[in-house]
Amino acid sequence: MLVEKYRPKSIAEMVGNEDARAEVLRLVRSWGQGSKHILIVGPPGVGKTTFAKALARDLGYELIEMNASDERTRSKVEAIIKPLLLNANIYAKNVLLFIDEVDGIHGSYDRGGLGALLELLKDATIPVILAANDDTSEEMKGLKRLCSTVRFKRIPPRLLMLYLEHVLESEGVEMGIGDRIRIVNESAGDLRALLNKAQALLSSVGSHTPTAYSIPIEHAMNRFFLSSSMSEALEALSKSEGFYSSLEFYRSSEDRRLDKLHALYASIVNSNKDIDSIADMLNTLSYVDTLIAVMNRGRRWYMLRYMDRIIASSIFHLSRGIVYNQYDTPYVLSSKIFTYGNTIRETAASIARELHESTHKITFYYMPYMIMILKNRRDVLEYAMNNGIISKELYEMVKGAAV
Amino acid sequence: MIKISLNKGFTLPRLGKDTFSMLMRNGLQYDKTTGLFAVKDINKIDKIYAILSEAIKDTISIEVQCVLCSNDAGCSECEFSNTCNRLQVASKCVCRTCLRNGYDNYTREVSKLLE
């Protein structure tokens, strides 16, 4: 189980509540007989129990645990805690008592357990850490007087993501950003829930391989193009997901559906397929693109199921032999754009210096005319007159002066 | 938008005597020399938020601190800004840059804080 496997062994390995952890650490380190005990209050899954265990290990304490909601009667509480507190000095090691779910000791009605606990805590010779989900009840007031209260809050989503990524990396598995975000959001600051959800997702398909759930778009596309059957191709498509190494590239699910389309488009236009096959495949993508726009506009998510099927059934046969390509412009074209772009920029900058104009103005206003003139080898003055740039009189005057 | 930073001083519009004293009783403090407010008791942030929401007819955004670099964590641009309840989560998080540095860096830095 991931929850057990990745339970932090040291308080430094935990995530979230850094100030609260430091505060409890300080209180335990400085604890002496007569000092207040420590009450950790916080919602489930924020690491109260884990913290107590890790803290004891870090500071070299022998931890003795008790779950207060199981032992609610006076006799049981006394039977467990009294011998421990009275004989604390005979232990070779320092002892730390941890009482979990202390807000459950009074339950729906008091069975004497809380009263016994309060009496024992007053004279305790060892530090006691108590944990509770809630401290607002009347019964907890007496306990709070004997304790320094430290609050553990829900863990911020980014820290949950940090931990999830650590777990996935340690397990050697990949998970799409959509799944990671969903798990983090659904966990609502509860680390235990996060790991349980991750576990459920990983084990739901019985395998810890990247093929099991959403997969990076590059892998999915290559699997689609290499698959030997339609069903295999459809599976690859349905599992593909925009997969980015960093969260900053995460966008909406609508965007990620378009990512799939972009990946297919880029791969197809960069392929060596004949022009008719490429045109057929692009027609399909165009149709699906329209479908996505209709779906998004009308929020008709039921249509989603058709998207992958239309793509798979329409381009499966034509697309055999294509490989994934991330650039949406064919290399021949993109290299020309790059080279011409550089030449145009350099030429425009040079003309701009000569004419004392901005490069921008030269590029967008002057250059189209210059290119047209050079291309057609026309008389500049004649061209200017014919296009209404200069008047006929001016043309004749300049022409005459030149002669 | 009014931004409440949990790690440094921030300004508030004029709130009136009653609201001001209510805020002072509920974990906010005011520095007369700088004119800046600061959150003194982080556990009362929900009360501070409630009082300000009542008094100010504007969006109030809470900005938490990056535990590693001590800068603002960048809550307003966070990927989880829609789902993160900043009144309920811990007062420190990680900024985008520190998140990129990974878990090992986080534990290394936090262990220094815990020494």
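# Exercises on a predicted two-chain model

Thr19(B) counts as buried because its relative accessibility is 14%, where buried means under 20% relative accessible area, exposed over 50% and partly exposed in between (1.4 Å probe, protein chains only). This is a predicted model, in which local features need pLDDT of at least 70 and side-chain atom pairs count only at pLDDT 80 or more, while totals for chains, interfaces and linings use all residues. Residues are numbered from 1 along each chain as its sequence is written, chains are lettered from A in the order in which they are written, and side-chain values use heavy atoms, without hydrogens and water.

**Exercise 1.** Describe the surroundings of Thr19(B).

Step 1. Place the residue: Thr19(B) belongs to helix 1 (residues 17–25) of chain B; helices (H or I, at least four residues) and strands (E, at least two) are DSSP runs, numbered from the N terminus.

Step 2. Follow its side chain, which reaches the backbone oxygen of Leu15(B) at 3.3 Å.

Step 3. List its contacts (heavy atoms within 4.5 Å). Not counting residues up to four places away in sequence, Thr19(B) touches Ile51(B) and Ala55(B).

**Exercise 2.** Describe the interface of chain B and chain A.

Step 1. Count the residues: chain B gives 31 residues to the contact and chain A gives 31 residues.

Step 2. State the buried area, the accessible area (1.4 Å probe) that two parts lose on being put together, summed over both. Between chain B and chain A about 2700 Å² is buried, and carbon and sulfur atoms give 64% of this. On the side of chain B, Phe80(B), Tyr103(B) and Leu114(B) lose the most area to chain A, together 28% of what that side buries.

Step 3. Look for salt bridges (a side-chain nitrogen of Lys or Arg within 4 Å of a carboxyl oxygen of Asp or Glu). The rule finds 2 across this interface. In a salt bridge, the side chain of Glu79(B) meets that of Arg158(A) at 3.2 Å, N to O.

Step 4. Assign elements: strand 6 (92–93), helix 3 (96–100) and helix 4 (102–113) of chain B each supply at least two residues of the side that touches chain A. Helix 4 of chain B gives the largest share, 6 residues.

**Exercise 3.** Which residues is Tyr106(B) in contact with, leaving aside its neighbours within four places in sequence?

Step 1. On chain A, the partners are Met14(A), Val15(A), Gly16(A), Glu18(A), Arg21(A), Leu159(A) and Leu162(A).

Step 2. On chain B, they are Val67(B), Leu68(B) and Val94(B).

Definitions and conventions
Polar contact = N/O pair within 3.5 Å; in protein donor to acceptor, adjacent residues only side chain to side chain.
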